[in-house]
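Dear colleague,

Please find below the structure I promised to pass on to you. My notes on its pockets and metal sites follow directly after it.

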Amino acid sequence: MKAWRWHGSGDMRLETAPDPTLQPHEALVRVEALGVCGSDIHYYRDGRIGENIVSEPTVLGHEYAGIVESVGADADPDLCGKRVAVEPGIPCGDCEWCRRGQYNVCDRLFFPGGPGNDGALCEYMAVDSRFCFPVPPGMSAGVAAMVEPAAVAVHTAELARLRPGDTVAVFGLGVVGMLTMQAVRLSGALSVFGIDVLDYRVNKAPVFGADAAFLGHIGGIHDGGAASVEWVMEHTNGRGVDVGIDCTNSSDGLALACAVTRAAGNVVLTGISGAESDTLPVSIARRRELTLRWCRRFLHNYPAAIALIDAGKLDVQSLITHVYPFEKADEAFALTTAYADNVFKASVEW
Ligand SMILES: [Zn+2]
Ligand SMILES: [Zn+2]
């Protein structure tokens with residue numbers, strides 16, 4: 001089969017790769033669509049996310065959907081012929097965290113498109129059939145691939161422990177930030193404030209659920225970030241929001257989210273800064289007795305994400321701003337890396 005392989009910063013090559021072999025519990029998925037994720041961009045550009053380093057040529061990509069062409073002897077035969085959204089992380093099922101139901105932090109999680117594992121920017125994937133979620137008839141492959149970031153947003157809203165009437169600030173209005181604003185609204189948020197450093201994103205924010213949006217500087221609180229904090233404070237009469245969420249790729253997003261959150265409020269860190277360690281405003285967090293939660297992808301969120309998209313409650317379609325054919329997948333990565341042409345999601349479709 002054909003596969004795009006990453007060889008170094010900005011260097012992707014279309015090559016041939018061995019066809020996957022099917023295990024008894026697996027489904028063979030013919031990949032139809034793949035979304036370029038911010039985490040892919042860390043690998044594409046830097047070859048690493050913190051201590052996770054890609055040292056070998058690797059096929060990137062984990063946000064994908066396709067058609068099940070065949071299944072192994074132990075897999076559900078009803079999947080054959082169906083379009084599925086694939087939950088990419090396959091846990092071991094046996095470690096302490098898996099047994100506790102926290103399979104997203106499995107010790108031996110297989111995650112495609114990262115260190116040691118080829119991803120989905122290829123023609124076929126063999127995957128554990130239990131992680132193939134059939135999508136409703138009429139849902140396009142591009143939209144089905146967007147179930148992945150939608151599931152991150154649903155998990156983020158879950159971790160935020162929202163209550164009806166809550167106010168929320170979301171820093172970082174990329175795809176996950178935009179979906180998170182919609183997800184917190186579904187969980188009861190009354191007022192949602194969005195902050196980003198790119199004006200095309202700020203301009204689009206009201207379409208995706210922001211009551212107000214601010215073109216801020218995501219820097220340290222004493223380094224330009226203060227204006228974003230002041231703006232949120234003005235919009236909440238100096239009280240701060242009930243929930244602060246960081247969906248940025250910046251080392252400063254978490255500090256800003258803490259700075260705008262009211263005493264005893266909740267802060268969720270969903271964005272990936274790419275750094276090994278970031279500065280945490282411990283004094284604010286302690287004095288306000290903030291509850292901080294880190295989001296690790298998703299946990300049993302695919303069925304809800306699919307249903308919410310199908311019901312028109314989560315708009316993923318409008319976030320797919322660019323579609324590239326498989327042969328030009330490298331251009332999708334270059335575009336996303338450059339934040340060019342007002343890109344939100346660049347989708348590769350076979
Ligand atoms: Zn992703
Ligand atoms: Zn496990």
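The lining of the second largest pocket draws at least two residues from each of strand S1 (2–8) and S8, and S8 contributes the most, with 5 residues; strands here are DSSP runs of E with at least two residues, and helices are runs of H or I with at least four, both numbered from the N terminus. This is a predicted model, in which local features need pLDDT of at least 70 and side-chain atom pairs count only at pLDDT 80 or more, while totals for chains, interfaces and linings use all residues. Residues are numbered from 1 along each chain as its sequence is written, chains are lettered from A and ligands numbered from 1 in the order in which they are written, and side-chain values use heavy atoms, with hydrogens and water left out.

The second largest pocket has a volume of about 410 Å³, and of the 21 residues that line it, Pro20, Phe110, Asp118, Met125 and Ala126 are the closest to its centre. A pocket is an open set of points on a 1 Å grid over the protein atoms alone, with protein on both sides within 12 Å along at least five of seven lines, whereas a cavity is a set where a 1.4 Å probe fits but cannot get out; lining residues have an atom within 4 Å of a point. By class, the lining of this pocket has 13 nonpolar, 3 polar and 5 charged residues, where Ala, Val, Leu, Ile, Met, Phe, Trp, Tyr, Cys and Pro count as nonpolar, Asp, Glu, Lys and Arg as charged, and the others as polar.

Turning to the metals, the zinc ion (ligand 1) has as its protein donors Cys37 (SG), His62 (NE2) and Glu63 (OE), lying 2.3 to 2.4 Å from it; donors are N, O and S atoms within 2.8 Å of the metal (3.2 Å for Na, K and Ca), and since water is not among the atoms, sites may look incomplete. Both Cys37, at a relative accessible area of 14%, and His62, at 4%, are buried, that is, under 20% (exposed is over 50%, partly exposed in between, with a 1.4 Å probe and protein chains only).

The zinc ion (ligand 2) is held by Cys92 (SG), Cys95 (SG), Cys98 (SG) and Cys106 (SG) as its protein donors, also 2.3 to 2.4 Å away. Its site is tetrahedral, with angles of 103 to 117° among the 4 donor atoms, the term requiring all angles of four donors to lie between 85 and 135 degrees.

With kind regards

Key: Tetrahedral: all angles 85-135°; square planar, octahedral: opposite > 155°, others 65-115°. Points joined across faces, edges and corners; volume = space filled by probe spheres on them.
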